[in-house]
Amino acid sequence: MSEKKRILSGMRPTGPLHLGHYFGVIANWLKLQEEYDCFFFVADWHALTTEYADPTRTKGFVPGLIKDWIAAGLDPDKCVIFQQSMVKEHAELFLHLSMITPVGWLERCPTYKEQKTQLVQKDLNTFGFLGYPVLMASDILMYKPCAVPVGIDQLPHLELTREIARRFNHLHDTQLFPEPADLLTEDPKLPGLDGRKMSKSYGNSIMLSEPIEDIMPKIRGMKTDENRLRKTDPGDPDICNLYPYHKLMTDAAKLPDIQQGCREASWGCVDCKKVLMESMEAFLTPFHERRAACTDERVQEILEAGNRKAHEFASKTMDEIRTLLNFDF
Ligand code: TRP
C-alpha cells in the first residue's frame, strides 16, 4: 500500500442514490479518491439494525448502490470498494468492542434517542440497534484511518468511535487504534424539489438512475421564487429553489444571463426550467451510460477484488488484536 493517508467511509444500502447524495457525499468522495487511500464500503449489516424484519430488501439494494457509485465516478483502481458483511472480521471486532463499551454511552447517543422516537413503526428496542455505533466503530477502527468523511448527523458516532478507541488503548496499554478525525461533508448544496432537504421519505428527490423522461415533469412542477406570481414580476434567484440546481448543473457561463432574466423579469420560470432540463439531461446522460455499462458481473468483480483487499487489511488488524488480548489460539 502507498504512503498516502488512509480514509474510510460507508453507506447503508437503503435504496437508489439521489442528486442530494451525489452533491452532498459522492462528489466529496470523488475528490478524496485522488488524494487518499480510500476504503468505501456498503454497510449492509448496519441496514439490518432497522430492516431486520425484511433482509431481502437490503440484499436487493447492494448491487444498485455499487452501480450508482461507479456511474458517479468512483474508481475501483483508486479505492477499495467492499461489502461489510463479506469481511467477517468486522463482526469479530464488533464483539470485542461491545465488551468494553458502556451501555450508558450508547443510550445517551443523540441519534439513538432521535431515531427511536421517530421510527415508531419499527420496534427498535433491540440490542443490535443500540449497538449501531459499536459496529460503526469496528468498521472504522479496523482500517486505522486518519479520518472519516461523514455528514454532520454522523458526528456523534465518530465521537463514540474515538471514545471506544481511547478506552481500548487505555485498557490494553496500547496505541493500536489511532483516533480518527472527522472530515465533515459540507451542508447539502441541493434542496429537494419542494425546497426541503432532499430525502427519499419526503418524495422530493431526483434519483441518479431515474430515466430523463420521468425527471422532466418533476422539474416542471418544481417550486420557484414564490413571490413571483406573474411572469412580469421580477424574481430573486437567491431565494428560488431552482437556482441552486443551475449553480451545480448549468454551464457557469450561462449563470449571469439566468440571474438577469429572472431579476428583470425578461423571462419566466418556464423558460428557466427548460434550460435546467437541458442541463439535467447533459449532467445525467453520461451517468446513465456508465451505469448501464456496469453489469451485475462487473459489480461482482469489483466487490470480489475489494472484499479481498479489505479482508487482507482486516485480518492483519484482527491478528494484532487477538495477540494483544491473548486470544491467539
Ligand atoms: N452510519 C453511516 C450512515 O448512516 C454508515 C456507516 C456505517 C459508516 N459504518 C460506517 C460511515 C463507518 C462511515 C464509517 O451514513
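The ligand in this predicted model has 13 residues around it, and the closest are Arg12, His46, Tyr132, Asp139 and Gln154. Three of those side chains come with a polar distance to the ligand, set out here together with two that Gln84 makes to backbone nitrogens.

| Side chain (polar atom) | Partner atom | Distance |
|---|---|---|
| Arg12 | ligand oxygen | 3.0 Å |
| Asp139 | ligand nitrogen | 2.8 Å |
| Gln154 | ligand nitrogen | 2.9 Å |
| Gln84 | Asp44 backbone nitrogen | 3.2 Å |
| Gln84 | Trp45 backbone nitrogen | 2.8 Å |

So what about Gln84? This residue sits in the loop between S3 and helix H4 (89-100). Is Gln84 buried or exposed? Its relative accessibility is 0%, and buried means under 20%, so Gln84 counts as buried. Setting aside residues up to four places away in sequence, Gln84 touches Phe41, Val42, Ala43, Asp44, Trp45, His46, His90, Leu135 and Asp139. Two names there should ring a bell: His46 and Asp139 are also among the residues closest to the ligand.

Step back from that loop and you're in strand S3, residues 79-83, where 5 of the 5 residues are buried. Both faces are covered, with Cys79, Ile81 and Gln83 on one side and Val80 and Phe82 on the other. S3 runs parallel to strand S2 (residues 37-42), and 5 bridges join the two. Within that pairing, Phe39 is found opposite Val80.

Now for the nonpolar packing. The largest nonpolar core takes in 55 residues, and the members touching the most others are Leu19, Ile26, Trp69, Tyr245 and Met280. Where does this core lie relative to domain 1 and domain 2? Domain 1 (6-190 + 296-325) and domain 2 (210-290) both contribute residues, so the core lies between them.

Tyr245 gives a good feel for the neighbourhood. Leaving out neighbours within four places in sequence, Tyr245 contacts Leu19, Leu190, Pro191, Gly192, Leu193, Met198, Ile206, Met222, Thr250, Leu276 and Met280. Leu19 and Met280 show up again here, having already been listed with Tyr245 among the core members that touch the most others. A separate core, of 39 residues, lies apart from this one and includes Leu97, Ala137, Phe168 and Phe313.

Note on methods
Residues are numbered from 1 along each chain as its sequence is written. This is a predicted model: local features need pLDDT of at least 70, side-chain atom pairs count only at pLDDT 80 or more; totals for chains, interfaces and linings use all residues. Side-chain values use heavy atoms; hydrogens and water are left out. A nonpolar core is a set of buried Ala, Val, Leu, Ile, Met, Phe, Trp, Tyr and Cys residues joined through side-chain atoms within 4.5 Å. Buried means under 20% relative accessible area, exposed over 50%, partly exposed in between (1.4 Å probe, protein chains only). Domain bounds come from an automatic or database domain assignment. Contact means heavy atoms within 4.5 Å. Helices (H or I, at least four residues) and strands (E, at least two) are DSSP runs, numbered from the N terminus. Two strands pair if DSSP finds at least two bridges between them. A residue is near a molecule or strand if one of its heavy atoms lies within 4 Å of it. A polar contact is a pair of N or O atoms within 3.5 Å; within protein, one must be able to donate a hydrogen and the other to accept it, and residues adjacent in sequence count only if both atoms are side-chain atoms.
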